[in-house]
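Please open the structure in your viewer and keep the selection tool at hand. The stops below say what to select next and what is there.

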Amino acid sequence: MSNAILDGPVASTLHQLTRPMIIGILAMMFFSLVDAWFVSLLGTTSLAAVSFAQPVTMVISNMAIGLGIALSALIARAAGAGDTLTLRRTLTSGLMLSFALGALLWFVGVIKHDALFEAMGANVELLPEIWAYMMYWWPGSVLLLALMMQNASLRAMGNTKFPSLMMLAASIMNAMLDPLLIFGWGPIPAMGIGGASLASGVCWAIVLGVIMQQQIRHGYVSFVELTLKQMLALWRRLLELGIPAMITNLLVPVAGAILLSMIANSGEASVAGFGVGMRFDSLLLSLVLALTATLPAFVAQNHAVGNDDRIWLVMNYSLRLVVIVQLSIGAVLWLVAEPLARFFSDDADVVHITVMYLHWLPLGYIGMGVVLCVNAALNSLQKTIISMVLNTVRLFAFYVLGAVIGLQLDGVRGLLIGAAMGNLLAGGIVWWLMHRMQSRGELSVGSFQLSLDRISRH
């Protein structure tokens with residue numbers, strides 16, 4: 001696959017890389033929806049508790065994605081240049097950093113639990129139910145960080161099939177463990193929503209073990225060739241690239257939490273309905289997420305060997321694909337939103353909010369997808385600060401601002417429409433600016449980066 005990335009047909013190579021990732025992302029969507037469905041059987045209160053927990057869990061996940069972006073940028077460059085020693089040292093250092101950061105987040109999350117969720121708008125009566133979920137999720141987050149870093153390293157080397165298979169295996173195991181731990185069976189006690197988070201942790205531990213065993217066997221993880229000084233130097237470089245990328249990805253759940261807090265005054269059913277809608281995002285954005293996972297390997301490896309024109313070719317193809325697919329998904333959702341919502345709740349108010357979410361917010365994912373693909377290219381070129389600026393502008397100058405204006409005009413529905421329009425406008429501006437730069441004949445990597453610098457300044 002590395003040879004195909006460097007000299008194979010752009011469209012077919014991108015398809016080969018992206019198809020396994022779509023399967024993996026759909027598997028993780030299944031993972032999330034299975035959790036939501038079993039939790040919904042416990043009642044609206046439990047569903048609302050998990051909905052409040054979801055932005056926090058997304059923050060941790062997006063931190064892992066940010067570090068994974070930094071790791072994959074360095075590994076893809078080393079892979080493209082054939083530097084195996086640097087690849088091993090970087091991957092091993094990244095693994096150790098994920099464990100250290102995960103342990104720190106676990107500690108902070110436990111001691112600041114109540115203050116965190118009260119700040120998000122959770123009432124005092126709901127805090128014990130949220131804790132029942134988070135008490136198992138926090139230690140599991142250490143495993144999740146390491147797992148996502150390992151998957152990012154595999155994708156950077158052009159291997160998208162194995163991490164996707166691992167995500168599929170985790171989803172199947174989670175579907176089996178969820179009812180067992182949530183409702184109990186025989187000597188196993190019913191744990192309620194805590195059983196859902198414990199099931200997730202068990203699945204992550206098993207899959208991480210399998211991946212690490214494969215990485216060690218193939219010589220990609222080795223502590224023999226890595227000194228403490230080298231590891232700390234690589235940690236510094238990973239954090240230099242990773243912190244802006246983390247902030248970029250953290251802004252997404254932060255913006256989601258802002259929207260959630262904006263509708264919290266509308267009642268528990270509105271929060272639950274919004275939370276159910278969020279569970280579909282991985283499915284609705286599966287192509288976009290797959291592209292943002294595979295574009296870095298393509299862009300960084302070609303950049304390492306000077307294949308400049310292939311970067312523009314793959315970007316143009318990717319953006320056209322995003323528009324076509326997201327338009328199609330938005331059209332289908334207008335037909336199937338209500339039966340999907342009723343699958344997760346019988347509460348009429350919860351269903352109503354979920355249907356509105358699925359009707360309106362995904363229309364904005366067209367523009368969101370354009371911006372995220374550009375972000376992926378920037379990150380792979382180690383331009384993570386520019387990527388951070390670009391996503392910050394999209395989220396707060398367009399997405400959140402549109403939601404605020406919409407809420408004032410038409411309540412929750414207006415919030416969803418306003419947020420969607422903000423995403424569309426941001427994506428349209430980025431698309432126009434990139435097309436304008438390319439029409440001037442700026443096809444080299446240097447001009448590509450300059451174009452994106454100009455986009456971020458606009």
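## A guided tour

Begin by selecting G219, the residue just after helix α8, where phi is positive at about 80°. Before going further, note that this is a predicted model, in which local features need pLDDT of at least 70, side-chain atom pairs count only at pLDDT 80 or more, and totals for chains, interfaces and linings use all residues. Residues are numbered from 1 along each chain as its sequence is written, and side-chain values use heavy atoms, with hydrogens and water left out.

Now extend the selection back to α8 itself, residues 193–217. Helices here are DSSP runs of H or I with at least four residues, numbered from the N terminus. Helix α8 has 25 residues and reaches 37 Å from its first C-alpha to its last, close to the 36 Å expected at 1.5 Å a residue; that expected span is 1.5 Å times one less than the number of residues.

**Helix α15**

Select residues 365–380, which form helix α15. This helix has 16 residues and spans 22 Å from first to last C-alpha, close to the 22 Å expected at 1.5 Å a residue. Because 16 of its 16 residues are buried, α15 is largely enclosed by the rest of the structure; buried means under 20% relative accessible area, computed with a 1.4 Å probe on protein chains only. After the helix comes Q382, which has a positive phi near 65°.

**Where α2 meets α3**

Select α2, residues 10–40, together with α3, which covers residues 44–81. Two packed helices are described by the angle between their axes and the distance between the axes. Here the angle is about 145° and the axes lie 8 Å apart, the axes being lines fitted to C-alpha atoms over the stretch in contact, with angles running from 0 to 180 degrees between N-to-C directions. The contact, meaning heavy atoms within 4.5 Å, is made by A36, V39 and S40 of α2 and by S46, L47 and V50 of α3. By class, four of these residues are nonpolar, two are polar and none is charged; Ala, Val, Leu, Ile, Met, Phe, Trp, Tyr, Cys and Pro count as nonpolar, Asp, Glu, Lys and Arg as charged, and the others, Gly among them, as polar.

**A cavity and a pocket**

Keep A36, L47 and V50 selected and add S51, Q54, G275, V276 and R279, which together line the second largest cavity. On a 1 Å grid over the protein atoms alone, a cavity is a set of points where a 1.4 Å probe fits but cannot get out, a pocket is an open set with protein on both sides within 12 Å along at least five of seven lines, and lining residues have an atom within 4 Å of a point. This cavity has a volume of about 40 Å³, a volume being the space filled by probe spheres set on the points, which are joined across faces, edges and corners. Helix α3 gives the most to its lining, with four residues, and α10 (268–279) also gives two or more. The lining has four nonpolar, three polar and one charged residues.

For the largest pocket, whose volume is about 240 Å³, select V56, V59, I60, L116 and W138, which are the closest to its centre of the 15 lining residues. Helix α3 supplies the largest share of this lining, five residues, while α4 (84–111) and α9 (228–263) each supply at least two. The lining divides into 13 nonpolar residues, one polar and one charged.

**Single residues to visit**

In helix α4, select T90. With a relative accessible area of 2%, T90 is buried, and beyond residues up to four places away in sequence, T90 touches L71, L74, I75 and L234.

T92 is also in α4. What does T92 touch, not counting residues up to four places away in sequence? The answer is Y220, V221, S222, F223 and L226. T92 and S222 are 130 residues apart in sequence and 6.4 Å apart in space, C-alpha to C-alpha.

Move next to D178 in helix α7, residues 161–183. D178 counts as buried at 0% relative accessibility, and the residues it touches, leaving out those up to four places away in sequence, are V34, D35, F38, F183, G195, A196 and A199.

Finish with G414 in helix α16, residues 384–439. G414 is buried, at 7% relative accessibility, and a C-alpha to C-alpha line from G414 to I386 covers 31 Å, with the two residues 28 apart in sequence.

Note on methods. Buried < 20%, exposed > 50% of the residue type's maximum accessible area, 1.4 Å probe, protein only.
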